[in-house]
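Dear colleague,

Please find below the structure that I am handing over to you, followed by an account of what was found in it.

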Amino acid sequence: MAHVTQEKWSSGTAFLLAAIGSAVGLGNIYRFPYVVGENGGGAFVILYLGIVLFFGIPLVMTELTIGRRRQLPPVTAFTELSEGKKSQPFWKFIGFTSILTPLGILGFYFVIAGWTLNYVVSIVTGQLSDLQEGQTQAVFADMMESPGTLIFWMTLSVGITAFIISRGIKAGLEKAVNILMPMLFLILVSLVIYSFFNGGTKETFEFMFTPDFEKINMKTVLEATGQAFFSLSLGSATMLVYGSYLPKNESIPKLACGVAFADTFVALIAGFAIFPIIFTNGLELDSGPNLVFVTLPVIFDQMPFGQVFGILFFLLLAFAAITSTISLFEPAVSNLEERGIFTRRKASLVVGFGLWCLAALSALSMNVLSDVRLLTFNDTVASKNIMDLLEYMSANGMMLFNSLFAGIFLGWIMHRKEALEELGLGDSTLFKFWRAIIRFVVPIVVGYLIIDFLGYGFI
């Protein structure tokens, strides 16, 4: 089968910006404070850093290696790399599941991205000024109860993403991240400086870097693993596809370390932007979306120059959301384009329309379809509406599933020589250490996470 020639990143830096954009999402902004707060503060941070180093980086290297070896999208890459194996049809299936997973994530992520766009406009126009927390709660509730509002802003987020993707790798993806990522970083640094002068920085240092090891147990270890997993975009086909655009002269180990370092750095810096506000105003660490969309608008309104920094904060959320939706949108488009089914522009329209329909169901599940339950095979899924179910099944279960089999594929199916050639480490101790993690540690740890996800955990 002839393959359509794919574009390549213009440089390792371009790849790095795009990969960081994929990793840095809304979870870094308001999920990280919640997870850190619930799991021992500094002890969790130390544990998280260790998992990123010894578990996250090897998996990023794995997905980039599979993607770049044939420089093809996941379905074709898994199929060709397992040629001659009796299990080839299964690995082709794994390629399909890896593409379907980011589509499931986008089914709910586009809705949340729409919230951030809505709040940027609302705070710029002064609609959130002079309001108390009860009033901002009503504003948030009104948004959630309005099908038209949710679908309008969701449609805008789909449209922005599809437009960027339709322009290709260099004119679309690269150009977008070259603009958005520096702006995201500047906004984040500005918020950190602002938080520093408004107090709470000392408490943040103590909280994030004073470990309470009594709170660390196996459940905490699994929580930290899951956070690192989601933050690094593992199991969502992003690194597989981005790896397929990576020139052969770029070092996969160095770029994998760069992605992990930058993503972790941004998560920690986001903590210094958010935690001081939480501590100074006596807020709860586990407030989640309510903290962002209900409480913080009131706090910003009461602070000196608060509206300016409120605008910056919601722009930060919007940029983080869009850089993530771009990376999640790309795998399906690249698959259709590579197979010659559609041109990139038509593929972007087709995928965009399908995702719009799925995201519309998610948006409507917050109001007119709130009583609809698609799955009821256990109490956990039976309690979830369409949007919550998409998040639970795709962002948790399917990402774990895909990453488990990516590790098994590279460790036990793909030829050792091919991995050696791609990584450029030689037959060194470092290569052997990495391969041992992929062959043995990944199946055990991620396998247990899947068991826990299915409700059969024994710890």
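A search of the whole structure, which is a predicted model, finds 34 aromatic pairs. One of them joins Phe261 and Phe265: the ring centres lie 6.1 Å apart and the planes meet at 15°, so this pair counts as stacked. The cut-off behind that label is an angle under 30 degrees between the planes. Both residues belong to helix 12 (residues 252-280), where they stand 4 residues apart and are therefore separated by about one helical turn. As to their surroundings, Phe261 has a relative accessible area of 59% and is exposed, while Phe265, with a relative accessible area of 36%, is partly exposed.

Aromatic residues also come together in a group. Phe78, Phe90, Trp91, Phe93, Phe401, Phe405 and Phe409 form one aromatic cluster. Elsewhere, a charged side chain is placed over a ring: Arg439 lies over the face of Trp412, at 3.6 Å from the ring centre.

Phe78, a member of the aromatic cluster, is also one of the buried residues of helix 4. The other buried residues named for this helix are Pro74, Val75, Thr76, Ala77 and Leu81. Helix 4 covers residues 74-81, and because 6 of its 8 residues are buried, the helix is largely enclosed by the rest of the structure. Against which elements do the buried residues of helix 4 pack? They pack against helix 3 (42-70), helix 5, helix 11 (238-244), helix 14, helix 17 (386-413) and helix 18 (416-423).

A single buried residue in another helix may also be of interest to you. Thr295 lies in helix 13 (residues 289-302). Its relative accessibility is 9%, so Thr295 counts as buried, the limit for that class being under 20%. When neighbours within four places in sequence are left aside, Thr295 is in contact with Glu133, Leu283 and Asn290.

I turn next to the empty space. Rolling a probe the size of a water molecule over the atoms shows where such space is left. The structure holds 3 cavities of 30 Å³ or more, and the largest cavity has a volume of about 160 Å³. It is lined by 15 residues, of which Ser22, Tyr109, Phe230, Ser233 and Ser324 are the closest to its centre. At least two lining residues come from each of helix 1 (12-23), helix 2 (26-38), helix 5 (88-124), helix 10 (218-231) and helix 14. Helix 14 gives the most to this lining, with 3 residues. What is the make-up of the lining of the largest cavity by class? There are 6 nonpolar and 9 polar residues, and no charged residues.

The second largest pocket encloses about 250 Å³ of space. Among the 15 residues that line this pocket, Ile160, Ile164, Ala176, Ile179 and Leu180 are the closest to its centre. Helix 7 (147-166), helix 8 (169-197) and helix 14 (306-338) are the elements that give two or more residues to the lining. Helix 8 gives the most to the lining of the second largest pocket, with 6 residues. By class, that lining has 12 nonpolar residues, 1 polar residue and 2 charged residues.

Helix 14 thus appears in the linings of the largest cavity and of the second largest pocket, and the buried residues of helix 4 pack against helix 14 as well.

With kind regards

How values were computed
Residues numbered from 1 in each chain as written. Predicted model: local features only at pLDDT ≥ 70, side-chain atom pairs only at ≥ 80, totals over all residues. Heavy atoms only, no water. 1 Å grid on protein atoms, 1.4 Å probe; cavity = no way out; pocket = protein on both sides within 12 Å on 5 of 7 lines; lining within 4 Å. Points joined across faces, edges and corners; volume = space filled by probe spheres on them. Nonpolar A, V, L, I, M, F, W, Y, C, P; charged D, E, K, R; others polar. Phe/Tyr/Trp six-rings, centres within 6.5 Å; stacked < 30°, edge-to-face > 60°. Buried < 20%, exposed > 50% of the residue type's maximum accessible area, 1.4 Å probe, protein only. Lys NZ or Arg CZ within 6 Å of the ring centre and 35° of its normal. Contact = heavy atoms within 4.5 Å.
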